[in-house]
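Subject: Structure for your review

Dear colleague,

Please find below the structure that I am handing over to you. My findings follow it.

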Amino acid sequence: MAEPQVDLKKNNQVSVVRYDPSKGYPSGEDLYYECPLCHYWLISKPRDYSEAECECGHLSIDIDWGRFSVKDHKLEPALLRLSPSKS
Ligand SMILES: [Zn+2]
């Protein structure tokens with residue numbers, strides 16, 4: 001799991017997106033949530049369950065329902081928009 005994360009963080013430019021967690025969690029192909037605890041970048045639109053949870057389990061996504069879960073709402077994740085950086 002560590003290797004793709006490293007590539008992800010190395011190969012993309014990141015901008016932080018402002019959102020209001022009380023109104024729901026945006027999702028999109030280029031949107032990721034950064035776990036405030038383990039700093040895993042969780043894709044907001046996972047293709048399967050192997051990528052639907054961060055390493056510590058604080059963030060998880062129910063693929064069938066498209067439901068985003070945060071264990072402790074005092075620790076909301078940052079929303080990141082990724083764009084591939086030209087090398
Ligand atoms: Zn985590």
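What is the mean pLDDT of the chain, and what share of its residues reach 70 or more? The model is a predicted one; its mean pLDDT is 93, and 95% of the residues reach 70 or more. Confidence is not even along the chain: helix H1 (residues 2-11) has the lowest mean, 82, whereas S2 has the highest, 98.

Overall form

The chain contains 1 helix and 6 strands, and in sequence order these give the pattern α-β-β-β-β-β-β. The C-alpha trace spans about 35 × 25 × 25 Å along its principal axes. For 87 residues, a compact globule would be expected to have a radius of gyration near 12 Å, and the computed value of 12 Å therefore agrees with that expectation. Buried residues account for 16% of the 87 residues. Of the contacts with a separation of 6 or more, 46% join residues 24 or more positions apart.

The sheet and the hairpin

An open sheet is formed by 4 strands in the order S1-S6-S2-S3, with antiparallel pairing. Strand S1 (12-17) and strand S3 (41-43) are the edge strands; each has a single partner, so one side of each is left without a neighbour in the sheet. From one strand to the next, the twist averages 40°. Within this sheet, S2 (residues 31-34) and S6 (residues 78-84) run antiparallel and are joined by 4 bridges, with Leu31 standing opposite Arg81 in S6.

Strands S4 (residues 59-62) and S5 (residues 67-70) are also antiparallel and joined by 4 bridges. Here Ser60 stands opposite Ser69 in S5. The two strands form a hairpin with 4 residues between them, and Gly66 in the turn has a positive phi of about 65°.

The nonpolar core

The largest nonpolar core comprises 9 residues: Tyr32, Tyr33, Cys35, Tyr40, Trp41, Leu42, Cys54, Leu59 and Leu79. The elements that contribute two or more residues to this core are S2 and S3.

Two members of the core deserve a separate note. Trp41 touches Gln5, Leu8, Lys9, Tyr32, Glu34 and Leu80, leaving aside residues up to four places away in sequence. Leu79 lies in strand S6 and counts as buried because 20 C-beta neighbours lie inside 10 Å. With the same exclusion of residues up to four places away, Leu79 touches Val16, Val17, Tyr19, Pro26, Leu31 and Tyr33. Leu79 and Cys38, which are 41 residues apart in sequence, have their C-alpha atoms 15 Å apart in space.

A positive phi at His39

Is His39, in the loop between S2 and S3, buried or partly exposed? His39 counts as partly exposed, because it has 14 C-beta neighbours inside 10 Å. Its backbone also merits attention when you inspect the model: phi of His39 is near 60°, a positive value in a residue other than glycine. Most residues other than glycine have a negative phi.

Yours sincerely

Notes. Residues numbered from 1 in each chain as written. Predicted model: local features only at pLDDT ≥ 70, side-chain atom pairs only at ≥ 80, totals over all residues. Pairing = 2+ DSSP bridges. Axes fitted to C-alpha atoms, helices over the stretch in contact; angles between N-to-C directions. Core = buried A, V, L, I, M, F, W, Y, C linked by C-beta atoms within 7 Å. Buried ≥ 20, exposed ≤ 12 C-beta atoms within 10 Å, placed from the backbone. Contact = placed C-beta atoms within 7 Å. pLDDT = per-residue confidence, 0-100. Rg over C-alpha atoms; globule rule 2.2 N^0.38 Å.
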